[in-house]
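Dear colleague,

I am passing the structure below on to you, and after it you will find an account of what was found in it. Please read the account with the coordinates open beside it.

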2 protein chains.
Amino acid sequence: MAGEIPGLLGMAFHAIMEEVHVRLAEEGFGDVRPAHGFAFQYLSVRGGATAVELGQHLGVTKQAAVQLVDELERRGYVERRPHPADRRARVVVLASRGWACVGRVVALWTEIENRWAGLVGADRLEVVRESLSAYVTAAGSPPIRPLW
Amino acid sequence: MAGEIPGLLGMAFHAIMEEVHVRLAEEGFGDVRPAHGFAFQYLSVRGGATAVELGQHLGVTKQAAVQLVDELERRGYVERRPHPADRRARVVVLASRGWACVGRVVALWTEIENRWAGLVGADRLEVVRESLSAYVTAAGSPPIRPLW
DNA sequence: CGATATGGTCAATCTGCTTGACGATGAAGA
DNA sequence: TCTTCATCGTCAAGCAGATTGACCATATCG
């Protein structure tokens, strides 16, 4: 049926995220919300960021970003360090608990991907991967706002 | 790369929804939020629902559902009618503006899908559709919670 | 050196949602 | 039928995450 794919995309994405959320909770990471995932991803790739940068990436105000970091710091997922070159700023970096959580998410995603490959075949799933990649590239992948 | 697909899925879905949101706003439907879409979809398929049913489908309390319906009614997207068999209840149905919005979303989804087909080929996009469908079916498509 | 921009904080407020209690109506059993 | 319990919708209070606005300390640039 024409126009069916966006809905399927949403359902598949939601099903995957729901599973990841449940499994993370079982493994002791029950206190992470969707928005945290985007922060983790950004911090893991960049190595560190100021609260303002994080806010820009997440599409929220710096005040909201600071609040998010406060919460993540309280729970041991991130640490704040003095900025090496700017005495106003503080650098937020992933703490060991944060890295552990990121590692679990990657592992779960891989597991889900493998299960999916078993369902439809690795070659067909590769077509999915390439097609998604092509679309995202063409669409320019707008800055991720944590709407989920 | 292993485990890459879930992220791509999220980016693609987000890009599509972002485009739909922008285009709808341009066409005079700038006052619809993500959660409204799920309500519209449910109402269009079922033909009508009580506030409680809507709340269950959306994964929120009946109070939140009523609030949502209030807002949609004020904006002309839905109407409330007396329930034919239960004098406690009222049936929420799509009004003409609601049907118009649903129609535009379907048209936009189709357009996006066609553009995507032009990008990767209709046959490959068909593989995507079948693979997504297979995953969603296998995962049991958990009741849609409007987390996006 | 001085003007302006930027990182972070404090305070007030808004919005969408939750919990809790309630009246009105429906449904099922003695 | 009468009584009991469940359910639809409403009112009220409160919370969590976000926003706007003001501010200080520090950076940056002319």
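**Chain A as a whole**

Among the contacts in chain A that link residues at least 6 apart in sequence, 47% join residues at least 24 apart. Before going further, please keep in mind that this is a predicted model, and that every value here was computed from it. Chain A has six helices and two strands, and from the N terminus on these elements follow the order α-α-α-α-β-β-α-α. Taken along the principal axes, the C-alpha atoms of chain A fill a box of roughly 55 × 35 × 20 Å, and of the 148 residues in the chain, 32% are buried.

Within chain A, the pair formed by helix α5 (residues 96–120) and helix α6 (residues 122–139) can be described in some detail, since their axes come within 7 Å and cross at roughly 120°. An angle of 65 to 115 degrees would have counted as roughly perpendicular and one over 145 as roughly antiparallel, and α5(A) and α6(A) are therefore oblique to each other. On the α5(A) side the contact is made by A:Trp116, A:Ala117 and A:Val120, which meet A:Ala122, A:Arg124 and A:Leu125 in α6(A). By class, the residues of this contact of α5(A) with α6(A) are five nonpolar, no polar and one charged.

**The two protein chains**

How are the two copies related? In general, two copies of a chain are related by a rotation about an axis and a shift along it. Here, a turn of 180° and a shift of 0.0 Å along the axis lay chain B on chain A with an RMSD of 0.0 Å, which is the relation of a two-fold axis. The same surface serves both copies, in that 100% of the contact residues of chain B recur in chain A.

The contact between the chains takes 42 residues from chain B and 42 residues from chain A. On the side of chain B that touches chain A, the elements that give two or more residues are α1 (5–26), α5 (96–120) and α6 (122–139) of chain B, and α6(B) gives the most, with 13 residues. That side of chain B divides into 30 nonpolar, seven polar and five charged residues.

**The DNA strands**

Turning to the DNA, 19 residues surround strand D, and the closest of them are A:Thr61, A:Ala64, A:Arg87, B:Ala51 and B:Ala89. The elements that each supply at least two residues of the surface near DNA strand D are α4 (62–74) of chain A together with α3 (51–58) and α4 (62–74) of chain B, with the largest share, four residues, coming from α4(A). The residues of this surface near DNA strand D are eight nonpolar, five polar and six charged.

For DNA strand C, there are again 19 residues around the strand, of which A:Ala51, A:Ala89, B:Thr61, B:Ala64 and B:Arg87 come nearest. Here α3 (51–58) and α4 of chain A, together with α4 of chain B, each supply at least two residues of the surface, and α4(B) provides the largest share, four residues. The surface near DNA strand C has eight nonpolar, five polar and six charged residues.

**Three individual residues**

A:Ala64, which is among the residues closest to DNA strand D, lies in helix α4 of chain A. Is A:Ala64 buried, exposed or partly exposed? A residue needs 20 or more other C-beta atoms within 10 Å to count as buried, and 12 or fewer to count as exposed, so A:Ala64, with 15 C-beta neighbours inside 10 Å, counts as partly exposed. Its C-alpha atom is 29 Å from that of A:Met11, and A:Ala64 and A:Met11 are 53 residues apart in sequence.

In chain B, B:Phe40 has its place in helix α2 (residues 34–46) and counts as buried, because it has 20 C-beta neighbours inside 10 Å. Leaving aside residues up to four places away in sequence, B:Phe40 touches B:Leu94, B:Gly98, B:Cys101 and B:Val102. B:Phe40 and B:Gly140 are 100 residues apart along the chain, and their C-alpha atoms are separated by 22 Å.

B:Leu58, in helix α3 of chain B, is also buried, with 20 other C-beta atoms within 10 Å. The C-alpha atoms of B:Leu58 and B:His36 are separated by 9.7 Å, the two residues being 22 residues apart along the chain.

With best regards

Technical notes: Residues numbered from 1 in each chain as written. Chains lettered and ligands numbered in written order. Predicted model: local features only at pLDDT ≥ 70, side-chain atom pairs only at ≥ 80, totals over all residues. Near = placed C-beta within 6 Å. Nonpolar A, V, L, I, M, F, W, Y, C, P; charged D, E, K, R; others polar. Axes fitted to C-alpha atoms, helices over the stretch in contact; angles between N-to-C directions. Parallel < 35°, antiparallel > 145°, perpendicular 65-115°, else oblique. Contact = placed C-beta atoms within 7 Å. Least-squares fit on C-alpha atoms with pLDDT ≥ 70 in both.
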